[in-house]
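Open the model in your viewer and keep the sequence panel visible. The stops below say what to select and what is there.

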Amino acid sequence: NCFVPISEIIAVEETEFNKKQRNIGRWQKMAKLHAFTVHYVKKARNHRWRCSGATFWCVDEHLCNQWTQALKELLEMQKSRPKQLLVYINPFGGKRQGKRIYEQKVAPLFSLASISTDVVITEHANHAKDNLFEVNIYKYDGVVCVGGDGMFSEVMHGLIGRMQKDSGIDQNNPKASLVQCNIRIGIIPAGSTDCICYSTVGISDPVTSALHIIVGDCQPLDVSSVHHNNTFLKYSVSLLGYGFYGDILKDSEKKRWMGPMRYDYSGFKTFLSHHYYEGTIAYQPAKHTHGSPRDKESCRTGCYICKQSEKQLAEQNKEHGLKHEEGEEEWKVIKGKFLAINAVNMSCACPRSPKGLSPAAHLADGSADLILVRKCSRFDFLRYLVRHTNQDDQFDFPFVDVYRVKCFQFTSKLSEDNESNVMDIGKKRFGQFCRDHPACCCNIVNSTWNCDGETLDSSAIEVRVHCQLMKLFARGIEEDCKDEAAHSQSSIEQLL
């Protein structure tokens, strides 16, 4: 027996019996059978979902119709479920399988759930972003992107940008209070990297993601805005990395012909080069959050820390106001030589790194985890990188510091002379960089920022976290899912 809540039923439809089915067992002597099939979510190991079905039959046509109508009415009451979706497919991303994945694995499920779709096949970079500024997005219940993290980023920028434009918000103002985007985004993974999908659902699987969209799941997500000199650059939801991860991305972009293998090659090459960069970081601690980067409290479905941190942040902003709070609260300043500077809004987990860059990072608590890896030996840096693949504490090194922040600013040493007026607050708090080192002691070039897989050349940036700025068709990572594969599908006891 299976127990399935209404929220996880996909569809109910009348079923026709064929001749072979009519000749089975006790139904053999009956003249006419009436049946309906309930399609529902079947959960398996590793957060994988599949569409399963159970058929009910009887000789009473009226009774069968009553059941069918009652279940359909209950499904209609699920107001969070989408009815109409705008779908963008990147046919070039990953292994160029986006179109095939959507047509073969996703579209049939949307059709079964009676979801209508408008599909756009993107033809060039920023096609989806530009299109979202033109279409009537308010007639849709959500936007679905089929591709990798780059495709998601494009759709996210289009949606958030459209919402700010319609609301008259200037995105170039780093202190602007952005308008929340209530149109949910669904991610169908089909790229080289699907970190965002993995970190919010627990698996990179197109069918699982499609089912999360169908049942109308909703997961708020923090978004970081990145500015340079009062000019908007990018939004980030996963990794904002300078140094090691920035160098990997910059080198891999020259080798796109290698496919996904380019990341391994560039990673090994960057590790051997062992470049470090000198600069100054100023940050404001996220005092509103109820967690810390090292408390080992992972973000899960219905996360308590996210809910409480959101309430606390709302109370602070209501009491003091955003501008007053940022002007009065203390900034902490760190100067040094760094192999990597990483800021993450989520764990950034993936199959190769099941815990991610920051295992206790939360999806919707209004903060980011700022990870500083100071100059150290190659061997020590290798030890740190290996920690991402096992269960050991990756922050338990004397050269690694981690802070939970709500905003931060970074200025590289070499950008001081050329960009001396990056920010007034930088002039007040950064002070003068140390210049008494030998010439051979430091690198003579800047690194590149890796912003969710896209490069940012400006080394001096200002980053601010916007609490729950957008929403996904997801429910966060559920606690360990039990394997239901052994359960019989002979009947469903339905909650009414």
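**Stop 1: a glycine in a strand**

Select Gly 279, which is found in strand β12 (residues 277-285); strands here are DSSP runs of E of at least two residues, and helices are runs of H or I of at least four, both numbered from the N terminus. This is a predicted model, in which local features need pLDDT of at least 70 and side-chain atom pairs count only at pLDDT 80 or more, while totals for chains, interfaces and linings use all residues. Residues are numbered from 1 along each chain as its sequence is written, and side-chain values use heavy atoms, with hydrogens and water left out.

Is Gly 279 buried or exposed? Gly 279 counts as buried because its relative accessibility is 1% (buried is under 20% relative accessible area, exposed over 50%, partly exposed in between, with a 1.4 Å probe and protein chains only). Now add Lys 413: its C-alpha lies 4.7 Å from that of Gly 279, although the two are 134 residues apart in sequence.

**Stop 2: the whole chain**

Show the full protein chain, with its 14 helices and 19 strands. Of its 496 residues, 54% count as buried.

**Stop 3: the cores**

Select Tyr 88, Phe 152 and Met 470. In the largest nonpolar core, of 67 residues, these three touch the most other members (such a core is a set of buried Ala, Val, Leu, Ile, Met, Phe, Trp, Tyr and Cys residues joined through side-chain atoms within 4.5 Å). Helix α5 (residues 149-167) gives this core its largest share, seven residues. Another core, of 25 residues, lies apart from it; Ala 11, Val 41, Ile 101 and Leu 211 are among its members.

**Stop 4: two packed helices**

Select helix α8 (residues 244-252) and helix α9 (residues 261-273). They pack at an angle of about 130°, with their axes 8 Å apart (axes are lines fitted to C-alpha atoms, for helices over the stretch in contact, and angles run from 0 to 180 degrees between N-to-C directions). The contact (heavy atoms within 4.5 Å) includes Phe 244 and Ile 248 of α8 and Tyr 263 and Phe 271 of α9.

**Stop 5: the next partner of α9**

Keep α9 and add helix α12 (residues 378-386): this pair packs at about 145°, with axes 10 Å apart. On the α9 side, Phe 271, Leu 272 and Ser 273 make the contact; on the α12 side, Arg 378, Phe 381, Leu 382 and Leu 385 do.
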